[in-house]
Amino acid sequence: MTANTQLKVFSSSKAVRSTPHLLRFAAFLMVAAWLAAPLTAPAQTWESLLNPPPFPEIIDPIHNYDLGAGGAASPMLLTDGSVIVLNQNFFYASPQVFKLTPDIDGSYVNGTWSELASMPYVATGGAQAVLADGRVLMEGGEYSDYLEYFTLTNQGSIYDPVGDSWSLVPPPPFFVDLYPPRALFAPNPIGDSASVVLPDGTFMLADKMSRQAAVLNLKKLTWKEVGTSTKADLNDEEGWVLLPNGQVLTTDCYTDFNFGLVPSYPANPTNSEIYNPKKARWSSAGSTINTLTDPYLYETGPAVLRPDGTVFAVGSQGNTSIYNSNKGKWKAGPTFPISPEGAQYTAQDAPGALLPNGNVLVAVSGGAPPTPADYSTPPVAFFEFDGKNLIPEPTIPNASNYTSYNITLLVLPTGQVLATNQTNDIEIYTPASLKSNSSWRPVIRAVPGNLKAGHSYILYGIRLNGMSQGSMFGDELQNATNYPLVRITNLKTKHVFYSRTHDHSTMAVASNDLASTTFDVPATQESGLSKLEVVANGIASSPVTVNVK
């Protein structure tokens, strides 16, 4: 922040600013016209991208195999408002990375594509996160190489969006595989593991095949083991949910029995656990009441924190449970219905996304499995959970080709949800309402009133990370969006620009503590009076008028 920059400091009722009276009045008139209009009109529909991604065929360079058309997988929201995806189809993968940038009006449907630097290796179905410094961390993967060999790889890398470059991250050296046959080829696995960014910005990673977890020192790129002696079962297939108190919730999946590490499957497989980062210990969070896993596939669905402090946890076989993080108690949730195909809707690895109105969008599979020990079959269907009921919603085109585990959902800054399905058909869901409770919005407390294109500034506020992680999956493929984005819209042209944010002071959710982030005004930012908003999980703050020079 330059010395002569005017800083706007906001209370709950007024702003203290140095903008001249005429500019203030003009800004008021222009902002007032914008306040009631969202970026996208609500329609409760799916819409295909106007510009499909330009994925090339996946070519194995070692064997010179043409492995078919590329597709979009593992979507993540960068802090400049763009979306990155990996080029992967149902059976094969490549290291290629592509970026979707919204158009000048802020539309993702009309966005454009560009190719970024490729990853230094090929892996699918790993742990991933956008870090507090704005970089992207990818760890492990269930499958490796172009042909997707089952390796539970422990490779890792960090992507720097400024330099458009990847750098390797060494794996936790102490991770072990407790299943002897698998330990022969994956002695120190990461694989398809759970991960979470803790409130202080620390990345925490599970070892899929043990009770171990590790936290990463980003400066030294070294790992520290945490929680191992207190974890009740293997981490395998379990997902992690960040709670408002900074602790982490998981529901047990009991794969210890599958690998012969315990003599029997539990009679009441409903235990949940909570991790305390300050004590580095797990403890029981009580019974989920309903069973959320199964003794065949040991999968589970997404668990999404809602703005009221409850976690909506979806089970693999159609059951759901609700955890009240304020009271520390579970209750039974609704059960998904029988599909038109006559099968139970299931979520055996499935995505969930928090909508601006507090509902949770979930993908489920509606076809019968060949046997009870197999995965459900297509078609994929979608439901919204409104806190009490499961509401059926429209499904995507070609739903008969997909199951829930083919789908990944990502909350966009517009309040819409982007869905990938490992093809070049990327769909965007617009919910019936983009409105949110005012108490859920980020609040700007202080920001410079005069900005210059190409310069960096610090913004202060509360709830900058939103009320939840936003987007979730069963265990791997995490794509949480609990970090602030800064959106600046020119009041004359109505053109929309995102400033890259980084170095957030916290990654805590549903926090009313004062927080900060640094934002880089893009060099292409148009000059003139503009409205500045902070967006988290698709929910925007009240706008602030700034003057861009």
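## Overall make-up

The secondary structure of this protein, a predicted model, comes to three helices and 43 strands. Its 549 residues would have a radius of gyration near 24 Å as a compact globule, and the protein has 23 Å, so the two agree. Laid along its principal axes, the C-alpha trace spans about 75 × 55 × 50 Å.

Buried residues make up 60% of the 549. Take the contacts with a separation of 6 or more: 59% of them are between residues 24 or more positions apart.

## Surface and charge

The protein exposes about 20500 Å², and carbon and sulfur atoms supply 54% of that area. On the charge side there are 32 positive and 45 negative charges, and their mean positions sit 19 Å apart.

## Strand 28 and its cover

Strand 28 covers residues 360-367 and is a good place to zoom in. Eight of its eight residues are buried, so strand 28 is largely enclosed by the rest of the structure. Look at the two faces in turn: Val360, Val362, Val364 and Gly366 are on one side, with Leu361, Ala363, Ser365 and Gly367 on the other, and all of them are buried. Both faces of strand 28 are therefore covered, given that buried here means under 20% relative accessible area.

## The partners of strand 28

On one flank is strand 27 (residues 352-354), which pairs with strand 28 in the antiparallel sense over three bridges. Two of the facing positions can be picked out by name: Leu354 stands opposite Val360, and Gly352 stands opposite Val362. Strands 27 and 28 form a hairpin with five residues between them. Gly358, in the turn of that hairpin, has a positive phi of about 95°.

Then there is strand 29 (residues 377-385), joined to strand 28 by seven bridges and running antiparallel to it. Here Ala363 has Phe382 of strand 29 as its bridge partner.

## The five-strand sheet

Put those pairings in context and you get an open sheet of five strands, in the order 30-29-28-27-37, with antiparallel pairing. Strand 30 (390-393) and strand 37 (471-472) stand at the edges with a single partner strand each, so one side of each has no neighbour in the sheet. As a general point, strands of a sheet pair through backbone hydrogen bonds, either parallel or antiparallel.

## Two buried loop residues in contact

Gln348 is found in the loop between strand 26 (329-332) and strand 27. Despite the loop address, Gln348 counts as buried, because its relative accessibility is 3% and the cut-off is under 20%. Leaving aside neighbours within four places in sequence, Gln348 is in contact with Leu297, Glu299, Thr300, Ser316, Gln317, Asp374, Tyr375, Ser376, Ser404 and Tyr405. For a sense of scale, the C-alpha atoms of Gln348 and Pro61 are separated by 33 Å, with their positions 287 residues apart along the chain.

Ser376, one of those contacts of Gln348, is found in the loop between strand 28 and strand 29. Ser376 is buried too, with a relative accessible area of 5%. Apart from neighbours within four places in sequence, Ser376 is in contact with Thr346, Gln348, Ser365, Gly367, Pro369 and Thr403. Among them, Ser365 and Gly367 belong to one face of strand 28. Ser376 and Thr506 are 130 residues apart in sequence, and their C-alpha atoms are 39 Å apart in space.

## Tyr483, another loop residue

Tyr483 has its place in the loop between strand 37 and strand 38 (485-490); strand 37 is also one edge of the five-strand sheet. Tyr483 is buried, with a relative accessible area of 1%. Beyond neighbours within four places in sequence, its contacts are Leu77, Thr79, Val130, Leu464, Asn465, His504, Met507, Val535 and Ala536. Tyr483 and Gly387 are 96 residues apart along the chain, with 24 Å between their C-alpha atoms.

## A second hairpin

Elsewhere in the chain, strand 13 (residues 149-160) and strand 14 (residues 165-168) pair in the antiparallel sense over four bridges. Asp160 has Ser165 in strand 14 as its bridge partner. Strands 13 and 14 form a hairpin with four residues between them, and Asp164 in the turn has a positive phi of about 50°.

Methods. Residues are numbered from 1 along each chain as its sequence is written. This is a predicted model: local features need pLDDT of at least 70, side-chain atom pairs count only at pLDDT 80 or more; totals for chains, interfaces and linings use all residues. Side-chain values use heavy atoms; hydrogens and water are left out. The radius of gyration is taken over C-alpha atoms; the globule rule is 2.2 Å times the number of residues to the power 0.38. Buried means under 20% relative accessible area, exposed over 50%, partly exposed in between (1.4 Å probe, protein chains only). Contact means heavy atoms within 4.5 Å. Accessible areas come from the Shrake-Rupley method with a 1.4 Å probe; for residues, only the protein chains shown count as cover. Lys and Arg count as positive and Asp and Glu as negative; His and the chain ends are not counted. The place of a charge is taken as NZ of Lys, CZ of Arg, CG of Asp or CD of Glu. Two strands pair if DSSP finds at least two bridges between them.
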